[in-house]
Amino acid sequence: FQGCASIKVVDLSQHDVGYDTASNLTTMANMFDGCASLTDFKFLPRFTGTKLTDTSAMFQGCSMLVTEDFATGNNLWQLPAIKNMSKMFKDCIRLESLAMPDTLTTGTTLTNINYMFQGCTALQTMSLNWLRVESIAADMQGVFKQCTHLTSVDLVRWTLKSTGVNINEFFYRDASLVTVWVGDGWTPASLSVAAANVFTGCVNIKGADGTVYQSADAPGDKKYAKVGDKGYLSAKKTLNDIYWSLDGDGNLLLEAANGVSGTISAFTATTQSETAAPWGGSRTNIKTVRIGDKADGTKMTINIDTTNSTLNNMFNGATSLVTCDLRGLNLTNLTQTKWMFYNCSSLMNVYFDMGTANPTVPYTSRLNAMDFMFYGCASMGTVDLGCFNTAGVVTMESMFQGCSSMEHVDLSTFNSNSLQTM
């Protein structure tokens, strides 16, 4: 159909239903290239794509295409042999959405996604987590170049090749772009030195640590393609079997990977100066903290590991933190809260999970140390610690020192029988 400028609809969805899988199809390159009037394409419902290697420029220049749905009625796509997807939707200027089957992943054969969505000026959000990019090196350039209305991109599941990855012009002139989500597989050390204009013109971008467009210091350079430490990227990373995500507006969210419950065990600091939390590099931008919701609207459960059971330094130095809602965090195994909110000078509200239907029955029986827990929390006026069982707590040194706005603290359930230091 290349060059069929007047064609509007191509519907193959009723073609030999249940029989024709086009199992030997190897290329769809330039299939609708230049079909400027195309508004709708429905493909074979049982197509699996097991031998398909090339979809480059498949919809290039389809300027009337608003949405492309490969998911409805077709959940079989796998594309294990795909190699080239470059320019697949280039200059689809009205494209607003792209739906792919939930089960779809490409194979590790994929080596070229250059300019895949270049010029898709109507596109606003996009997830490319169905792409496996660990074999791509030189040809990851200009993927979202000049997508002028793009605001958010999700690359959380991407794992970059170890060296030589060229993302030059990846987000070039995306003036509306605010958030780019990446995960554990995004390794800045993998990026090629050739990537000099990754973010050029992304004047509204904001990273997890609050970094905004650095107009005076090579603003498009690949050096900003990282989370924290003056990077433009936002994080959604794993911590045992939970996800933690932090965006440029300072919203930290803890979620169970399975959508129901998970376990956290990373805060093993023994001194105040240690940065124990994985979001430590972006901590000064954190403004809110909360636990995610399950599908039914109730809170997910985040458990504390029985071995690494401290929350020491969890939010130490989060000077912009205002509200910390830890309802959903199961404190049963908690042993220490040293420096947990140390110098959180903007903190006003802290909410803990009471653990039982009766809030007068505290459930932190393993707790033994709470030193400097709220040290320097100068904005906090009240806090309810009625859920804490302090019968085994030995030290509470300087727990509220510097809390100059504190008016009310509920310590009615506190037990000081083991206490040695305040």
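I began with strand β13 (residues 301-304), which pairs with β15 in the parallel sense over two bridges. This is a predicted model, and I read the pairing as such. Within it, I looked up Asn303 and found it opposite Asn330 in β15. I then traced the sheet these strands belong to: three strands form an open sheet in the order β11-β13-β15, with parallel pairing. Its edge strands are β11 (261-264) and β15 (329-330), each of which pairs on one side only.

Next entry, the other sheet. I counted nine strands in an open sheet, in the order β5-β6-β7-β8-β9-β10-β12-β14-β16, and noted that the pairing is mixed. The edges here are β5 and β16 (349-352), each paired on one side only. On average, neighbouring strands of this sheet are turned by 10 degrees against each other, direction ignored. Inside the sheet I checked one pair of strands: β12 (residues 288-291) and β14 (residues 323-326) run parallel and are joined by three bridges. Val289 has Cys324 in β14 as its bridge partner.

I then turned to the rings. My search of the whole structure gave 25 aromatic pairs. I took Phe144 and Phe171 from the list: their ring centres are 6.0 Å apart and their planes stand at 5 degrees, under the 30 degrees that the stacked class requires, so I entered the pair as stacked. Where do the two residues lie? Phe144 is in the loop between β5 (125-127) and β6 (152-155), and Phe171 is in the loop between β6 and β7 (179-182), so the pair ties together parts that are 27 residues apart in sequence. I also looked up their accessibility. Phe144 counts as buried at 0% relative accessibility, and Phe171 counts as buried at 3%.

A second pair, Tyr213 and Tyr232, has ring centres 6.3 Å apart and planes at 25 degrees, so this pair is stacked as well. Both tyrosines sit in the loop between β7 and β8 (234-239), 19 residues apart, and the pair links distant parts of the chain. Buried or exposed? I found Tyr213 buried, with a relative accessible area of 17%, where the limit for buried is under 20%. Tyr232 is buried too, with a relative accessible area of 0%.

I looked for charges over rings and noted two cases. Lys145 lies over the face of Tyr172, at 5.3 Å from the ring centre. The charged end of Lys236 sits over the ring of Tyr243, 5.1 Å from its centre.

One glycine got an entry of its own. Gly107 lies in the loop between β4 (97-99) and β5, and at 9% relative accessibility Gly107 counts as buried. What does Gly107 touch, leaving out residues up to four places away in sequence? I listed Leu79, Pro80, Ile82 and Arg132. For one of these, Ile82, I took the C-alpha to C-alpha distance to Gly107: 6.5 Å in space, for residues 25 apart in sequence.

Last, I checked the confidence. The chain has a mean pLDDT of 90, and 93% of its residues reach 70 or more. Over residues 357-361 pLDDT stays under 50, and for this stretch I noted that the model has five contacts beyond four places in sequence.

Key: Residues numbered from 1 in each chain as written. Predicted model: local features only at pLDDT ≥ 70, side-chain atom pairs only at ≥ 80, totals over all residues. Heavy atoms only, no water. Phe/Tyr/Trp six-rings, centres within 6.5 Å; stacked < 30°, edge-to-face > 60°. Helix = DSSP H or I, 4+ residues; strand = E, 2+ residues; numbered from the N terminus. Buried < 20%, exposed > 50% of the residue type's maximum accessible area, 1.4 Å probe, protein only. Lys NZ or Arg CZ within 6 Å of the ring centre and 35° of its normal. Pairing = 2+ DSSP bridges. Axes fitted to C-alpha atoms, helices over the stretch in contact; angles between N-to-C directions. pLDDT = per-residue confidence, 0-100. Contact = heavy atoms within 4.5 Å.
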